[in-house]
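I opened my notebook today to look through a new structure, one feature at a time. Here is what I looked up, in the order I looked it up.

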Amino acid sequence: PGASRVLGQPRRALAQQEQGARARGSARRPDTGDDAAGYGFCYCPGSHKRKRSSGACRYCHLHSHRDEDEEEGDKQQPLLNTPARKKLRSTSKYIYQTLFLNGENSDIKICALGEEWRLHKIYLCQSGYFSSMFGGSWKESGMNIIELEIPDQNIDVDALQVAFGSLYRDDVLIKPSRVVAILAAACMLQLDGLIQQCGETMKETINVKTVCGYYTSVEIYGLDSVKKKCLEWLLNNLMTHQNVKLFKELGINVMKQLIGSSNLFVMQVEMDVYTTLKKWMFLQLVPSWNGSLKQLLTETDVWFSKQRKDFEGMAFLETEPGKPFVSVFRHLRLQYIISDLASARIIEQDAIVPSEWLSSVYKQQWFAMLRAEQDREVGPQEINKEDLEGNSMRCGRKLANDGEYCWCWTGFNFGFDLLVIYTNRYIIFKRNTLSQPCSGSVSLRPRRSIAFRLRLASFDSSGKLVCSRTTGYQILVLKKDQEQVVMNLDSRFLTFPLYICCNFLYISPEKGIENNRHPENPEN
């Protein structure tokens, strides 16, 4: 929803930056391939030995032969002092082959999962598990055969083989497909070095196929740094690179963290966060569905339409199948959904969110509008990180190629019509008041302020961050129709497609007014 608006590209702020005239090419409409399904865009076109010469005669000197011999000796002196290199079998490989694989001179046998390993106590003591066993008053300290119980189902024979083998060699090759099992074995045997190597392997190989498995395993085994990397990957890719398989694998607790975060890389607007949640919930409830991503939204709407008939008069989140998802949906920033007429109609029609939730937000937004109109509210005056992270508008956009773009995100923002312009590697904000057509009413106050954060990112084919930039949280004060350059990009580090994500706070939340957060218990 949202009609296109034809806007001329403003240039004053950019001209101040460059202090010179610039040719104005006509702006082209961006590729809307990923944007077509979104709710939040109003597209606005506008806007590089020397050779020694030898003589004809050669003169010989008395000492010339001796000098040549001395020179030859000087040349060969380094050769005499350089040890001859001979390919020798390394000590590490010898130890691994002879002691571990062949089990020579073994003084202990380890039995587990139907297999046996002939090992050596002196090597096993590198493990915290065996060091405590052999060094304490345990009965196993004097035994030559140890039966290991393996309670962790992630551990298999191959993982134990790698874990025991790591005690006899300097390096271990860990495949991503085996890293969880090896990590489980390393944690059980308390092999700190192997645990660290598993963590590094995970960080380097996070992608859509591994991220959920990695996240689940590191929650069990306590690798907080890997957990953080997985969350970062999910925040960046959940909406920018949507995937049916990923939606099926994401659990409720993880999704709750993602939807509640101000760092979620939103594409389009908050309504698209709601749509993403709706598709995810459908796949959680119907995991057998195997269609394509393009078909997903249509199938989701059809399925929920049937549910409305079965649970007539109840919002889906109030039904037994829907209650487990309440804690996720309560993190939606509903005030930025109902601020757009088309989006408000869709969320009312879907009947997924309880009407009581929406009623409280309608009331909240009505008071906020009255403050903006009648109480001389001009916007945030200082940075309040808690307000920005918990209540800011989240929106984003993909620029498929370099060029000129001008757009705005849909929704009523208390009379602040903000245009975003990308041209010549600059990103500009403009407060549009009188110079361009507006889709709704605009404030004519001489000055309006806005709190914002702008982030840019590019990703490789696995979803890994290639480059990123951020303005951090800032307060921007704009006069009517004023432009301001908010970021100047270095072309050396600019990679397309480029993803832009913004957090905006147009009006400060009023203290004492309840926001749109709801208790975990849907009955309260």
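**Entry 1: a strand and its partners**

I started at Thr423, whose bridge partner in β8 is Tyr426. One note before going on: this is a predicted model. Next I asked how many bridges join β7 to β8. I found 7, and the two strands run antiparallel. They form a hairpin with 2 residues between the strands, and Asn424 there takes a positive phi near 50°.

Then I looked at the other pairing of β8 that I had noted, the one with β12 (residues 483-488). Here 5 bridges join the strands, which again run antiparallel. As a marker for this pairing I wrote down Ile427, which has Met487 as its bridge partner in β12.

Is β8 buried or exposed? I checked residues 426-432, and 7 of the 7 are buried, so the strand is largely enclosed by the rest of the structure. I also sorted the residues by face. Tyr426, Ile428, Lys430 and Asn432 lie on one side, while Ile427, Phe429 and Arg431 lie on the other, and all of them are buried. Both faces of β8 are therefore covered.

**Entry 2: another hairpin**

I moved on to β9 (residues 447-459) and β10 (residues 465-470), which run antiparallel and are joined by 5 bridges. Across this pairing, Ser458 stands opposite Cys467 in β10. These strands form a hairpin too, with 5 residues between them. In the turn I found Gly463 with a positive phi of about 85°.

**Entry 3: an open sheet**

My next stop was an open sheet of 3 strands. What is the order of the strands? I read it as β3-β2-β4, with mixed pairing. The edges are taken by β3 (115-119) and β4 (145-147), and each has a single partner strand, so one side of each is left without a neighbour in the sheet. On average, neighbouring strands of this sheet are turned by 20° against each other, direction ignored.

I then took a look at one pairing inside the sheet. Strand β2 (residues 108-112) and β4 run parallel and are joined by 3 bridges. Lys109 stands opposite Ile145 in β4.

**Entry 4: two helix pairs**

I reminded myself that two packed helices are described by the angle between their axes and the distance between the axes. With that in mind, I looked up α7 (residues 179-189) and α8 (residues 192-204). Their axes come within 9 Å and cross at roughly 155°. An angle over 145 degrees counts as roughly antiparallel, and that is why α7 and α8 are described this way. Their crossing is left-handed.

Then I tried α9 (residues 211-221) and α10 (residues 224-237), whose axes come within 9 Å and cross at roughly 150°. This puts α9 and α10 roughly antiparallel to each other. The crossing of α9 and α10 is left-handed.

**Entry 5: aromatic rings**

How many aromatic pairs does the structure hold? I noted 25. I picked Trp280 and Phe325 to study: their ring centres are 5.4 Å apart and their planes stand at 85°, so the pair is edge-to-face. I liked that this pair links distant parts of the chain, 45 residues apart. Trp280 sits in helix α13 (residues 270-285), and Phe325 sits in the loop between α14 (293-310) and α15 (326-329). Trp280 is buried, with a relative accessible area of 0%, and Phe325 counts as buried at 5%.

Next came Tyr405 and Tyr422, a tilted pair with 6.2 Å from centre to centre and 45° between the planes. Tyr405 belongs to strand β6 (residues 405-409) and Tyr422 to strand β7 (residues 417-423), and this pair also links distant parts of the chain, 17 residues apart. Tyr405 is buried at 1% relative accessible area, and Tyr422 is buried at 0%.

I also wrote down one aromatic cluster, formed by Trp407, Trp409, Phe416, Phe429, Phe452, Phe504 and Tyr506. Phe429 was already in my first entry as a buried residue of β8.

**Entry 6: charges over rings**

To finish, I searched for charged side chains over rings. Arg397 lies over the face of Trp407, at 5.0 Å from the ring centre, and Trp407 is one of the cluster residues. Lys121 lies over the face of Phe134, at 5.2 Å from the ring centre.

Notes
Residues are numbered from 1 along each chain as its sequence is written. This is a predicted model: local features need pLDDT of at least 70, side-chain atom pairs count only at pLDDT 80 or more; totals for chains, interfaces and linings use all residues. Side-chain values use heavy atoms; hydrogens and water are left out. Rings of Phe, Tyr and Trp (its six-membered ring) pair if their centres lie within 6.5 Å; planes under 30 degrees apart count as stacked, over 60 as edge-to-face and the rest as tilted. Helices (H or I, at least four residues) and strands (E, at least two) are DSSP runs, numbered from the N terminus. Buried means under 20% relative accessible area, exposed over 50%, partly exposed in between (1.4 Å probe, protein chains only). A charge sits over a ring if NZ of Lys or CZ of Arg is within 6 Å of the ring centre and within 35 degrees of the ring normal. Two strands pair if DSSP finds at least two bridges between them. Axes are lines fitted to C-alpha atoms, for helices over the stretch in contact, and angles run from 0 to 180 degrees between N-to-C directions. Angles under 35 degrees count as roughly parallel, over 145 as roughly antiparallel, 65 to 115 as roughly perpendicular and the rest as oblique. A crossing is left-handed if the near helix is turned anticlockwise from the far one by less than a right angle, and right-handed if clockwise.
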